[in-house]
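Let's take a walk through this structure together. Have a look at the sequence and the model first, and then we'll go through a few spots one by one.

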Amino acid sequence: MSFRQNHLLGIETLAPDEIVTLLDLADRYAELERGVDKHGDALKGLTQINMFFEASTRTQASFELAGKRLGADVMNMAMAASSLKKGETLIDTALTLNAMHPDLLVVRHPHSGAVNLLAEKVNCAVLNAGDGKHEHPTQALLDALTIRRAKGRLHRLNIAICGDIAHSRVARSNILLLGKMENRIRLIGPPTLMPAGVSEWGVEMYDDMQAGLEGCDVVMMLRLQKERMDGAFIPSEREYYHRFGLDAEKLSAAKDDAIVMHPGPMNRGVEIDGTIADDINRSVIQEQVEMGVAVRMAAMDLLAQNLRARRAERGAQI
Ligand code: NCD
């Protein structure tokens, strides 16, 4: 099988053929989901534990639904009320959970690298649902599937990623994925919201929306991640909207059939105008949510296949 991972920790370690394998399977799950019977049995008998150490609405719901649709026993740990508050370390929490024999562990954590660390300590498949400013692989994969379905391909597209790039794990994972698939990537935002070292990423940078959006096929907007800012990065939200908020006028610089994306949650009137977000001829924001469930079904299915193969091999050796 051309998916060789034991965990899904980031896009960085995925090869292009693995990305295509996952998206092809997700496409099939997207069709299943549009039918009356939405169930598959790829995860039957397996236990999935969701550990979200950071607030989440759509990602957690999406992972939960994906697991349930494929027949897993799904448990959501209420991390806010957990032993962590009593001083337990992340590793101790993980080892406790590991003793309950989960097969799939879905983790979101505010610290970059925390999910990778955890994956070393447990003997099940770990999926990163977002770690600090580092990676959010399933978001990039669902974005890729949405783009591929809307544009008919996932290569040689002009893609603009706009706004708070510096604090965004969504941007990082997308830049990695879309770069691997040979697209032309432009980052648009104020210099204060560009990450350090970005000039080595093989992307173009703009601090003017009209210039950056010129001729783009895809316009991806990002939320201002205020919870990750420890100082003033913009003069004011009003000023930011004026210069970088996506409205009809700025969007007119992109191609006529350019699609508009946003990972959510959206701040209407800060990074995007509400009417653009709701325009069904331009915005694919709802499709992104729909593809999110399909991509997570595919990711957990592929990881479960590898997990079963590893266990069978170990069993055969004993
Ligand atoms: C993103 C996240 O949590 O990184 N949201 C999401 O998963 N849909 C983006 C954000 O919080 O702005």
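## From a buried alanine to the ligand

Let's begin with Ala-72, which has a relative accessible area of 10% and therefore counts as buried. Keep in mind as we go that this is a predicted model. You'll find Ala-72 in the loop between H2 and strand E2 (73–77). For a sense of scale, try jumping from Ala-72 to Met-181: the two are 109 residues apart in sequence, and their C-alpha atoms are 32 Å apart in space.

Now for the ligand, which sits in the largest pocket. Two elements give two or more residues to the shell around the ligand, namely helix H2 (58–69) and helix H6 (169–180). Which residues make up the surroundings of the ligand? Going along the chain, you meet Arg-58, Thr-59, Arg-108, His-136, Gln-139, Arg-169, Val-170, Arg-223, Gln-225, Pro-263, Gly-264 and Pro-265. Sorted by class, that shell holds five polar, four charged and three nonpolar residues.

Zoom in on the polar atoms next. The side chain of Gln-225 has an N or O atom 2.8 Å from an oxygen atom of the ligand. The side chain of Gln-139 also takes part, with an N or O atom 3.4 Å from a ligand nitrogen. Pro-263 joins in through its backbone, where an N or O atom lies 3.0 Å from a nitrogen atom of the ligand. How much of the ligand does the protein bury? On its own the ligand would expose 310 Å², and the protein buries 94% of that.

Gln-225 is worth following a bit further, this time away from the ligand. Its backbone nitrogen lies 2.9 Å from a polar atom of the side chain of Asp-164. Asp-164 itself belongs to the loop between strand E5 (158–162) and H6. Is Asp-164 buried or exposed? Its relative accessibility is 0%, so Asp-164 counts as buried. The side chain of Asp-164 also makes a polar contact of 2.8 Å with the side chain of His-167. So here's a little chain to trace on screen: from the ligand to the side chain of Gln-225, from the Gln-225 backbone to Asp-164, and from Asp-164 on to His-167.

Finally, slide over to H6, the helix that holds Asn-174. Asn-174 is buried because its relative accessibility is 0%. Its side chain has a polar partner, though: a contact of 2.9 Å links Asn-174 to the side chain of Asp-143.

Technical notes. Residues are numbered from 1 along each chain as its sequence is written. This is a predicted model: local features need pLDDT of at least 70, side-chain atom pairs count only at pLDDT 80 or more; totals for chains, interfaces and linings use all residues. Side-chain values use heavy atoms; hydrogens and water are left out. A residue is near a molecule or strand if one of its heavy atoms lies within 4 Å of it. A polar contact is a pair of N or O atoms within 3.5 Å; within protein, one must be able to donate a hydrogen and the other to accept it, and residues adjacent in sequence count only if both atoms are side-chain atoms. Accessible areas come from the Shrake-Rupley method with a 1.4 Å probe; for residues, only the protein chains shown count as cover. On a 1 Å grid over the protein atoms alone, a cavity is a set of points where a 1.4 Å probe fits but cannot get out, and a pocket is an open set with protein on both sides within 12 Å along at least five of seven lines; lining residues have an atom within 4 Å of a point. A molecule sits in a cavity or pocket if more than half of its atoms lie within 2 Å of its grid points. Helices (H or I, at least four residues) and strands (E, at least two) are DSSP runs, numbered from the N terminus. Ala, Val, Leu, Ile, Met, Phe, Trp, Tyr, Cys and Pro count as nonpolar, Asp, Glu, Lys and Arg as charged, and the others, Gly among them, as polar. Buried means under 20% relative accessible area, exposed over 50%, partly exposed in between (1.4 Å probe, protein chains only).
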